[in-house]
Amino acid sequence: MTPIITAFERSPDGGKGLARDTRVRWALEEVGQPYEVRLVSFAQMKAPGHLAIHPFGQIPTYEEGSLCLFETGSIVFHLAEKHAGLLPGDRDARARAITWMFAALNTVEPPVLDLTTARIFEADKPWSAERLPLVKDRVRATLDKLSVYLGAADWLDGAFSAGDLLMVSVLLRLRMSGILDEYENLAAYVARGEARPAYGRAFAAQFAVNAPSAS
Ligand code: GTB
């Protein structure tokens, strides 16, 4: 059965691959699972048909027969449990990889999202210039520790895992701010993730839909 995911009909990022369907596409590509995509407009996301599978009216979703999932982390975890390649077999190593999935989404992503909000959506506010440095420093406080932990390792805990997939995806959102380049090892870590053939296929698939030149 070919799973179906949802993605923006046209992502506001113009094909940079920052919307969360790219994470799900990447996981599907890593495990070699073909998939179909249903593109949805903002209006469709808020309509009853989509709300029946995503209570908050967002993308991505994942449908596999009668199973409907939302929340990117849950979808990636489902794929990692169902297929080989994204979680180690050893019980303890698996628990650590899952811990990194949570760390990416619960510890690292919140300040990163806050920075996106501050840079893009609050840029015209009178208090923006005063607040932005504080928000950037909160991102740095997290990245300082992540950078020390990663050190010279290729991945967070041995082999590439779903934890790395989500962490690289979160860090990618920092590139435009310039903060990622302040951390040589984290920038190299993200580049390693992007160099994976599965990421390349996922990126190309979303780019084909969202690139400014796409019809
Ligand atoms: N916790 C949920 C998950 O992890 O799946 C969050 C899902 C979510 O925020 N989805 C966003 C969405 O549907 C798309 S990814 N937003 C529409 C809405 O809420 O009405 C967020 C996103 C959008 C665009 C960019 N971008 O242009 O760079 C980046 C990220």
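**Helix and sheet packing in a predicted model**

Colleague: At what angle do the axes of H1 and H4 cross in this predicted model?
Modeller: The two helix axes come within 9 Å of each other. Angles under 35 degrees count as roughly parallel, and H1 is therefore roughly parallel to H4. The crossing angle of H1 and H4 is roughly 5 degrees.

Colleague: Which residues of H4 make the contact with H1?
Modeller: By class, this contact has seven nonpolar, one polar and one charged residues. H1 contributes Arg23, Val24, Ala27, Leu28 and Val31. From H4 come Thr72, Ile75, Val76 and Leu79.

Colleague: How many residues of H1 are buried?
Modeller: Burial requires a relative accessible area under 20%. Residues of H1 that meet this criterion include Asp21, Arg25, Trp26 and Glu30. H1 is mostly covered, and the count of buried residues is 11 of 11.

Colleague: Which residue with positive phi follows H1?
Modeller: Helix H1 spans residues 21-31. The residue that follows H1 has a phi near 75 degrees, and this residue is Gly32.

Colleague: In what order do the four strands form the open sheet?
Modeller: The pairing in this sheet is mixed. Strand E2 (36-40) and strand E4 (67-70) are the edge strands, each pairing on one side only. Neighbouring strands are turned by 25 degrees against each other on average, direction ignored. The order is E2-E1-E3-E4.

Colleague: Which residue in E3 is the bridge partner of Ile4?
Modeller: Strand E1 covers residues 4-8 and strand E3 covers residues 61-64. These strands run antiparallel and are joined by two bridges. In E3, the partner of Ile4 is Glu63.

Colleague: Which strands does H1 touch as it packs on the sheet?
Modeller: The direction of H1 makes about 145 degrees with that of E1. Packed on the sheet, H1 touches E1, E2 and E3.

Colleague: At what angle to E4 does H4 run?
Modeller: Helix H4, residues 72-82, lies across E3 and E4. Its angle to E4 is about 130 degrees.

Colleague: Is Gly57 buried or exposed?
Modeller: Gly57 lies in the loop between helix H3 (48-51) and E3. Leaving aside neighbours within four places in sequence, Gly57 is in contact with Met45, Lys46, His50 and Leu51. Its relative accessible area is 0%. The cut-off for burial is under 20%, so Gly57 is buried.

Colleague: How far apart in space are Gly57 and Ala43, C-alpha to C-alpha?
Modeller: Gly57 and Ala43 are 14 residues apart in sequence. In space, the C-alpha to C-alpha distance is 9.4 Å.

Key
Residues numbered from 1 in each chain as written. Predicted model: local features only at pLDDT ≥ 70, side-chain atom pairs only at ≥ 80, totals over all residues. Heavy atoms only, no water. Pairing = 2+ DSSP bridges. Axes fitted to C-alpha atoms, helices over the stretch in contact; angles between N-to-C directions. Contact = heavy atoms within 4.5 Å. Buried < 20%, exposed > 50% of the residue type's maximum accessible area, 1.4 Å probe, protein only. Parallel < 35°, antiparallel > 145°, perpendicular 65-115°, else oblique. Nonpolar A, V, L, I, M, F, W, Y, C, P; charged D, E, K, R; others polar.
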